[in-house]
Amino acid sequence: MFTKILIANRGEIACRVIKTARKMGIKTVAVYSDADKDALHVQMADEAVHIGAAPSAQSYLLIDKIVDACVKTGAQAVHPGYGFLSEKREFQEALAKAGIAFIGPDAHAIFAMGDKIESKKLAREAGVNTVPGYLGVIKDADEAVKIANEIGYPVMIKASAGGGGKGMRLAWNDAEAFEGFTSATNEAKASFADDRVFVEKFIEQPRHIEIQVLADGHGTVLYLGERECSIQRRHQKVIEEAPSPFLTPETRKAMGEQACALARTVQYKSAGTVEFIVGGATGEFYFLEMNTRLQVEHPVTEMITGIDLVEQMIRVAAGEKLAFGQDDIKLNGWAMESRVYAEDPFRNFLPSTGRLTRYMPPAETAHVRVDTGVYEGGEISMFYDPMIAKLITYGPTRDAAIAHMRDALDAYYIRGLSHNIPFLASLMSKERFVKGALTTNFIAEEYANGFHADDLPADDPTVLIAVAAAVNLASSARECKISGQFPGHEVKVQTAWTVVFNGQYHEIEARPAEGGFAIVIGKDVVDVKTDWQLGQPLFRGTVDGRTVCVQVDREGVAYVLAHAGSRAKVLVLTRHAAAMNKLMPFKAPPDMSKYLLSPMPGLLRAVEVVEGQEVKAGEPLAIVEAMKMENILKAERDGTVAKIHAKAGESLAVDQKIIEFG
């Protein structure tokens, strides 16, 4: 067994690998860029080596730097995590040349499965179901249209070397096939320096289901059940679960056996994933691709099988045989994973960078797991993926796993930047999601007009009113207790208030009761049990027997309560103050329509106009780069540039002025 390994990655996956290595008694080496010198994975590892500047092309993607770090520290093996160099055969070959083990498959398997066209040919040879399509070289758009007609619409046009949704176009007719081929080819060439594309049948009501395989290089190839990954936005997974609510045991077995057959064909060893698309109407399944690495969503498989996949990858790389067989693999209970990102779902999911001024993930239990690479006071950088954490929950049933996820999302306290927890909470509340009626079109169909506050699950106003009153009474009692420590001070706790919630005025009375408070709202008495104290960001307790976790902040004299993804501003006032509040004039927000504002924090790459220039609607105005993506900001209407407020090269805050129009 290895005594020291290097993790050629960053963030939560690096931290996750370090945890398993530590459990196995293996020392770890982290690598880091300029942007990650204070990162959590650097703090957790036994050693750390600086490998370059912040951009990944100047650090995490430099094979020679990582090989040198191995030699320098005496690391005997490298775990690549996912992304970066994890599926680069050149990396595996360079390590092998230096006598360093790669904790993953051999170069020939990486190469064979890395090309989407070649992998489909191999899958057919292995007897794996493949989507009807044309895998030859397509010379031009006219030939693409001809092929699409032979296959039958709808068809999907895909880049052979693609990934992450790039180089993909859906076509329902000849015109879309012609245009889609041209666009996919151009995008593939720009993104992957490889303009080959192929055409295949588009499966309607598709579900994205993947099989986890594990092979040891000694002839044993196993499948560890499936993961349902159909909840996707722009081809990026958002929610994953295991097992799938759709598969029958017979289909699971058939998919698993085909996945193992493909793995044997390429002499695979280590953990890997074979992805399938499954027709929701027919249940037929077809091979999509094989990922020759650990998947982001691997924890849900670990939760229902009890098998640590990272540990098995390390043992296989060290030459060990798997200590269990196919009959030993049992699927117990249900697990679900939500990807928590630094992005603003109310602004079309624009990335959000900055410092985590407060960061309190939910406590880990038998039902809750948090894989993260950040900490309070740390920073989400503009240079890398905006993932904050993976939140995983487990229960004996799917409903139990969903219930634990809802509770864990309520308890996830993040301040300092925007995050997608409101969107995740909304997803968990959708009736269609709860029923398991999933397809890869789920988000596009359920949020056809984007994500808005109206999409948040409806909350019981009584709960938030009662919580606000309980918080206010507890705060008042605490303040009175502090004041009472000084001679001559006698402060009486106020118990009659008016709560202003969603523009409505509610007269209430609050009084201490056994284990909490009795809150009288109108004619109803609400029983609140809690031990919440002033200053705690999370209110935990029960409201009329219902367990709740509400996030509590102060904004001026108001409480801001966050629950089930929504945030509500609540005023708790004396009767007199409430009467005065009704007379307060409304202050309209300033008119910012004449400004181009930055929709996200990022780097202003270019300003495409000059002062005095007339612009037409749709013309490019500026380019802002954030999270490795360029965002072109265009004019919404005709106008004249009056003033340029920011220069190319500046770092922008969200809503910072860039251009002013006359």
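Trainee: How much space lies in the second largest pocket?

Mentor: About 580 Å³, counted as the space filled by probe spheres set on grid points joined across faces, edges and corners. This is a predicted model, where local features need pLDDT of at least 70, side-chain atom pairs count only at pLDDT 80 or more, and totals for chains, interfaces and linings use all residues. Residues are numbered from 1 along each chain as its sequence is written, and side-chain values use heavy atoms, leaving out hydrogens and water.

Trainee: What makes a set of points a pocket?

Mentor: On a 1 Å grid over the protein atoms alone, a pocket is an open set with protein on both sides within 12 Å along at least five of seven lines. Lining residues have an atom within 4 Å of a point. Here 27 residues line the second largest pocket, and Ala403, Arg406, Asp407, Ala408 and Asp410 lie nearest its centre.

Trainee: Which helix gives the most to that lining?

Mentor: H12 does, with eight residues.

Trainee: Why are H7 and H8 called oblique to each other?

Mentor: The axes of H7 (residues 141–151) and H8 (residues 174–192) cross at roughly 130°. Angles under 35 degrees count as roughly parallel, over 145 as roughly antiparallel, 65 to 115 as roughly perpendicular and the rest as oblique. H7 and H8 are therefore oblique.

Trainee: Which residues of H7 meet H8?

Mentor: Contact means heavy atoms within 4.5 Å. Ala141, Asp142, Ala144, Val145, Ala148 and Asn149 of H7 meet residues of H8 including Phe178 and Phe181.

Conventions
Axes are lines fitted to C-alpha atoms, for helices over the stretch in contact, and angles run from 0 to 180 degrees between N-to-C directions. Helices (H or I, at least four residues) and strands (E, at least two) are DSSP runs, numbered from the N terminus. On a 1 Å grid over the protein atoms alone, a cavity is a set of points where a 1.4 Å probe fits but cannot get out, and a pocket is an open set with protein on both sides within 12 Å along at least five of seven lines; lining residues have an atom within 4 Å of a point.
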